[in-house]
Amino acid sequence: MSIGVLFVCLGNICRSPTAHGVFLQHVQRRGLQDHIRVDSAGTGDWHIGHAPDKRTAATALRRGYDLSELRARQVLRDDFARFQYILAMDAENLRNLQHLRPASFNGELKLFLEYGDHPEYTEVPDPYYGDEADFERVVDLVETAAQGLLHHIVTRHRLS
Ligand code: 4NP
């Protein structure tokens with residue numbers, strides 16, 4: 001059975017789709033797409049069915065990640081049965097997920113940047129009301145945490 005990885009933010013149009021696209025590309029480059037499933041979702045419902053934010057999509061594409069196929073959805077309680085790794089972009093997302101978490105969930109529910117290497121950042125800052133530099137910073141933070149997370153999963157599940 002494959003390992004499920006779910007990235008969660010508030011709207012599922014900026015941070016978690018970036019994490020989704022970046023992590024999936026890392027997984028595919030290592031040829032691990034049959035072993036690791038990747039998805040993303042938002043705790044909020046405002047953007048269900050929407051493509052990623054235009055600024056997010058443009059920044060990601062410039063950096064080599066195509067997010068055009070992604071569509072926003074809201075996180076479901078059932079996601080805890082389908083994903084072993086549920087990674088929150090910020091502390092508020094994490095709190096909301098902890099409220100949804102069934103007692104039976106025995107996977108990892110944590111802040112995504114626990115796998116990063118920018119010690120000054122524990123959360124991926126919400127870029128929605130920010131400028132271009134804020135969108136670039138999302139990709140910077142996500143790229144390093146994606147590498148850290150993939151290394152962790154590959155080691156823990158002996159995938160290499
Ligand atoms: P995200 O960014 O959580 O990274 O997708 C946001 C997107 C939309 C809103 C807030 C944050 N919003 O308030 O609509």
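**Sheet, core and aromatic cluster**

In the structure above, Phe7 has its bridge partner in strand E3, namely Leu87. Colleagues, please bear in mind that this is a predicted model. I shall begin with that bridge and work outward.

Strands E1 and E3 run parallel and are joined by four bridges. They belong to an open sheet of four strands, ordered E2-E1-E3-E4, with parallel pairing. E2 and E4, the latter spanning 108–111, are the edge strands, each pairing on one side only. On average, neighbouring strands of this sheet are turned by 20° against each other, direction ignored.

Two helices lie across these strands. Helix H1 lies across E1 and E2, and runs at about 170° to E2. Helix H5 lies across E1, E2, E3 and E4, running at about 165° to E3.

I turn now to the nonpolar interior. The largest nonpolar core has 32 residues, and those touching the most other members are Val5, Phe7, Phe23, Ile36, Phe112 and Leu149. At least two residues of this core come from each of E1 (3–9), H1 (15–29), E2 (36–42), E3 (85–88) and H5 (132–156). The greatest contribution is that of H5, with ten residues. Which residues does Leu149 touch, leaving aside those up to four places away in sequence? They are Val5, Phe7, Phe23, Tyr85, Leu87, Phe112 and Tyr115. There is also a second, separate core of 13 residues, among them Ala41, Val75, Ile86 and Leu109.

The next topic is the aromatic rings. The model contains four aromatic pairs. One of them, Phe7 with Phe23, is edge-to-face, at 5.5 Å centre to centre and with 70° between the planes. This pair links parts of the chain that are 16 residues apart, with Phe7 in strand E1 and Phe23 in helix H1. Phe7 also forms an edge-to-face pair with Phe112, at 5.0 Å centre to centre and 65° between the planes. Here the separation is 105 residues, since Phe112 lies in the loop between E4 and H5. Ring pairs thus link Phe7, Phe23 and Phe112 into a cluster.

Why does Phe7 count as buried? Because its relative accessibility is 0%, and the cut-off for buried is under 20%. Phe112 counts as buried for its own value of 0%, and Phe23 is buried as well.

Finally, two arginines are placed over rings. The charged end of Arg37 sits over the ring of Phe83, 5.4 Å from its centre. Arg55 lies over the face of Tyr128, at 5.4 Å from the ring centre.

Definitions and conventions: Residues are numbered from 1 along each chain as its sequence is written. This is a predicted model: local features need pLDDT of at least 70, side-chain atom pairs count only at pLDDT 80 or more; totals for chains, interfaces and linings use all residues. Side-chain values use heavy atoms; hydrogens and water are left out. A nonpolar core is a set of buried Ala, Val, Leu, Ile, Met, Phe, Trp, Tyr and Cys residues joined through side-chain atoms within 4.5 Å. Buried means under 20% relative accessible area, exposed over 50%, partly exposed in between (1.4 Å probe, protein chains only). Contact means heavy atoms within 4.5 Å. Two strands pair if DSSP finds at least two bridges between them. Axes are lines fitted to C-alpha atoms, for helices over the stretch in contact, and angles run from 0 to 180 degrees between N-to-C directions. Rings of Phe, Tyr and Trp (its six-membered ring) pair if their centres lie within 6.5 Å; planes under 30 degrees apart count as stacked, over 60 as edge-to-face and the rest as tilted. A charge sits over a ring if NZ of Lys or CZ of Arg is within 6 Å of the ring centre and within 35 degrees of the ring normal.
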